[in-house]
Amino acid sequence: MNTNTSSWLSRSKWILMAIGIPVLAGAWWAFRPEKLFINQKVNEAAPASLGTAAQPIFTGKLEGKIHATSGRATIYKAADGTRYLRLSDFKTSNGPDVRVVLVMAEDKQLDQEIVKGELDRMELGALKGNEGDQNYDLPAAADLNKYQAVAIYCETFHALFGVAKLEEF
Amino acid sequence: MFSTIKTGLTFAALAGAFLLQPSLQAQDSMKQDGMKQDGMKQDKMQDDKMQHEGMAKSLFTGKFHGKVHATSGRATVYQEGDGKLVLRLTNFKTSNGPDVHVILVATKDAMDDANFLKENTEKLELGKLKGNEGDQNYEIPAGTDLTKFRTVSIYCERFNANFGAAPLEKF
């Protein structure tokens, strides 16, 4: 009797193990739960031909305000540390005294089309053309933690042609 | 006769400027800018291109979004000098998981809970996810139509789960 029970127990143990272990292994293979806690970090360099070229650090899409404005504003950092803004796929309306400026992304003034009072801004230069790709050097002192948006701004009329809020690349 | 029309137009322009901007000083700068404006009209900038581009050109970019498995970062498609297309993930982070792949899907964007099998979305495999954190590159097969495959997805093949997606927009 005793031996019978124990042999039955051990047989059921065997069956349990024979089924349980593959099931557990299968479940582990399928879900890989340890991956919840293990990170696999990589840090590949940019494609070879990009290696020496300037790297984008911030980018944003231009949105039209008082005049239809479209395209992308990207801030690049060159190998020597200098930074520049590049407008690509860019189009805005032509106008008098239009400038490219850095502004504060949270500035309430940006909600308006015509800015009342003075806009807190950093000048990057006169708009080179109202269409096409173009670059603007950033002053070394430009603080991109403070100025996180690019605006196409007509100084004469305090008119915002378009604004791009920058996001980390 | 012609010059009369011309002077008339100039006066009309000045009058318009005066109406828009009440200060006389501004009117002056307006006149100056009017001249500058002519020179710059429809000025297509091409020269900056050469200064900027080394060998590779950025074509598309998009930001990752994903809720079920928090996914963040940016996907950018570059074209190298020899025409090869490369997808680069930067500032990238997703959750680790089994059998995770980087794919392109033929949609404008993918919902965070998208089911590509059920929705019958066309997929294009780029390779196994190299790491769930950090910058990484994936080759895009030659001849891929990026006007059709417009979204990058981090996709768990085994469970048909979209970890996160980045809709590509023109750079």
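This is a short walk through a predicted model, covering its domains, its core, one sheet and two asparagines.

Okay, let's start with chain A. The domain assignment splits chain A into domain 1, residues 2-36, and domain 2, residues 54-168. How far apart do the C-alpha centres of these two domains of chain A lie? The answer is 65 Å.

Next, the core. As a bit of background, nonpolar side chains in soluble globular proteins tend to be buried together. In our model, the largest nonpolar core has 62 residues. Which members touch the most other members? Those are Val100(A), Ala149(A), Val150(A), Ala151(A) and, from the other chain letter on that list, Val152(B). As for where the core residues come from, strand S8 of chain A, residues 149-154, gives the largest share, with six residues.

Let's stay with Val152(B) for a moment. If we leave out residues up to four places away in sequence, Val152(B) touches Gly62(B), Ala75(B), Leu87(B), Val102(B) and Leu104(B). Val152(B) also touches Ala165(B), Ala166(B) and Leu168(B).

Now over to a sheet in chain B. You'll find four strands here, in the order S6-S5-S8-S9, and the sheet is open with antiparallel pairing. Which strands sit at the edges? On chain B they are S6, residues 123-128, and S9, residues 161-167, and each of them pairs on one side only. On average, neighbouring strands in this sheet are turned by 25° against each other, ignoring direction.

Zoom in on one pair from that sheet. Strand S5 of chain B, residues 100-105, runs antiparallel to strand S8 of chain B, residues 151-156, and six bridges join them. For an example you can click on, take Val100(B): its bridge partner in S8(B) is Cys156(B).

Last stop, the backbone angles of two asparagines. Asn91(B) has a phi near 55°, which is positive although the residue is not glycine. Where is Asn91(B)? Look in strand S4 of chain B, residues 85-93. Asn91(B) is partly exposed, because 16 other C-beta atoms lie within 10 Å.

Then there's Asn160(B), with phi near 50°, again a positive value in a residue other than glycine. Asn160(B) sits in the loop between S8 and S9 of chain B. Why does Asn160(B) count as exposed? Because Asn160(B) has 12 C-beta neighbours inside 10 Å, and the cut-off for exposed is 12 or fewer.

That's my tour, thanks.

Notes. Residues numbered from 1 in each chain as written. Chains lettered and ligands numbered in written order. Predicted model: local features only at pLDDT ≥ 70, side-chain atom pairs only at ≥ 80, totals over all residues. Core = buried A, V, L, I, M, F, W, Y, C linked by C-beta atoms within 7 Å. Buried ≥ 20, exposed ≤ 12 C-beta atoms within 10 Å, placed from the backbone. Contact = placed C-beta atoms within 7 Å. Domains from an automatic or database assignment. Pairing = 2+ DSSP bridges. Axes fitted to C-alpha atoms, helices over the stretch in contact; angles between N-to-C directions.
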